[in-house]
Amino acid sequence: MERSCNDKNGEASVLENEDLSSMTQMERMKAGQIFWNSDEEIKAAKKRARMLADAFNATTEEEPKRRLELLKELLGGCSDDIFIKPPFHCDYGFHIHVGKKFFANFQCVMLDAAPITIGDNCLMGPQTCLYTVNHPMDAETRNADYVYGEPITIGDNVWFGGNCVVLSGVTIGDNAVIGAGSVVTKDVPAFAVVAGNPAKVIRRLDR
């Protein structure tokens, strides 16, 4: 028997999972399945991301070329006009794909156990945090260091105020505005302004 997570609602159960028996933990993570966070390949991938992020965070404003080189190596995809103010932190990097003219202010954190996809012209205020990773509700499974991820998708022209948190599985539509201090727990429609904890629609920009 092996510990697993039954579906996207985060409730845990004990399942016999024969179809995953031949998959590595990295393959499970990339397939959106529950995986063992202490696996050596998983830890090595995180170590690589930390080393690249540390190198990026040690650069200065006078090293734009070096910053871009490091971000291109760290992230799964980005354009040449990306601008992130150090420090920046992520788990793996390769799951992060950002569009054109991406800007993130200080202390941006992206926990990318699942894909994070960001459209064009997005602005992130300081301490914006995107958390795709989740822990099972079942304490025994959680204590055994099993986790799983659900993707975060952000459309074009989205603006985040400071100190925003986006939780796993959330999709944010084009032209949305996320007010400072928001905790986004569910999908945000296009052209919506949301704020609060949990974030709720407070106005529309297309009316």
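**Note on the predicted structure**

1. Strand β18 (residues 177–178) and strand β20 (residues 192–195) run parallel and are joined by two bridges. Within this pairing, Val177 has Val193 of β20 as its bridge partner. The model discussed here is a predicted one.

2. Strand β20 also pairs with strand β21 (residues 200–204), here in the antiparallel sense and through four bridges. Ala192 stands opposite Arg204 in β21, and Val194 has Val201 of β21 as its bridge partner. The two strands β20 and β21 form a hairpin with four residues between them. In the turn, Gly196 has a positive phi of about 105°. As general background, strands of a sheet pair through backbone hydrogen bonds, in either a parallel or an antiparallel manner.

3. A separate point concerns an open sheet of three strands, which follow the order β3-β13-β12 with antiparallel pairing. β3 (35–36) and β12 (133–134) stand at the edges; each has a single partner strand, so one side of each is left without a neighbour in the sheet. Two bridges connect β3 with strand β13 (residues 146–149) in the antiparallel sense. One pair to inspect is Trp36 and its bridge partner in β13, Tyr146.

4. The largest nonpolar core has 39 residues. Phe88, Phe102, Met110, Ile118, Met124, Ile154 and Ile172 are those with the most contacts inside this core. At least two residues of the core are supplied by each of α2 (40–57), α3, β5 (88–90), β6 (96–98), β8 (108–111), β9 (116–118), β14 (152–154) and β20. The largest share, four residues, comes from α2. Apart from this core lies another, of eight residues, among them Met29, Ile42, Tyr92 and Ala113. In soluble globular proteins, nonpolar side chains tend to be buried together.

5. Ile154 merits a closer look, as one of the residues with the most contacts inside the largest nonpolar core. Leaving aside neighbours within four places in sequence, Ile154 is in contact with Thr117, Ile118, Gly119, Cys122, Met124, Leu130, Phe160 and Ile172.

6. Glu69 lies in helix α3 (residues 64–74), a helix that supplies at least two residues to the largest nonpolar core. Is Glu69 itself buried or partly exposed? Glu69 counts as partly exposed because its relative accessibility is 39%, and the partly exposed class lies between the limits of 20% and 50%. The C-alpha atoms of Glu69 and Asp80 are 9.4 Å apart, with the two residues separated by 11 residues along the chain.

7. Gln127 is placed in the loop between β10 (123–124) and β11 (129–131). With a relative accessible area of 41%, Gln127 is partly exposed. Which residues does Gln127 touch, not counting those up to four places away in sequence? They are Phe106, Gln107, Asn163 and Cys164. The C-alpha atoms of Gln127 and Phe88 are separated by 9.4 Å, although these residues are 39 residues apart along the chain. Phe88 is itself among the residues with the most contacts inside the largest nonpolar core.

Terms used: Residues numbered from 1 in each chain as written. Predicted model: local features only at pLDDT ≥ 70, side-chain atom pairs only at ≥ 80, totals over all residues. Heavy atoms only, no water. Buried < 20%, exposed > 50% of the residue type's maximum accessible area, 1.4 Å probe, protein only. Pairing = 2+ DSSP bridges. Contact = heavy atoms within 4.5 Å. Core = buried A, V, L, I, M, F, W, Y, C linked by side-chain atoms within 4.5 Å.
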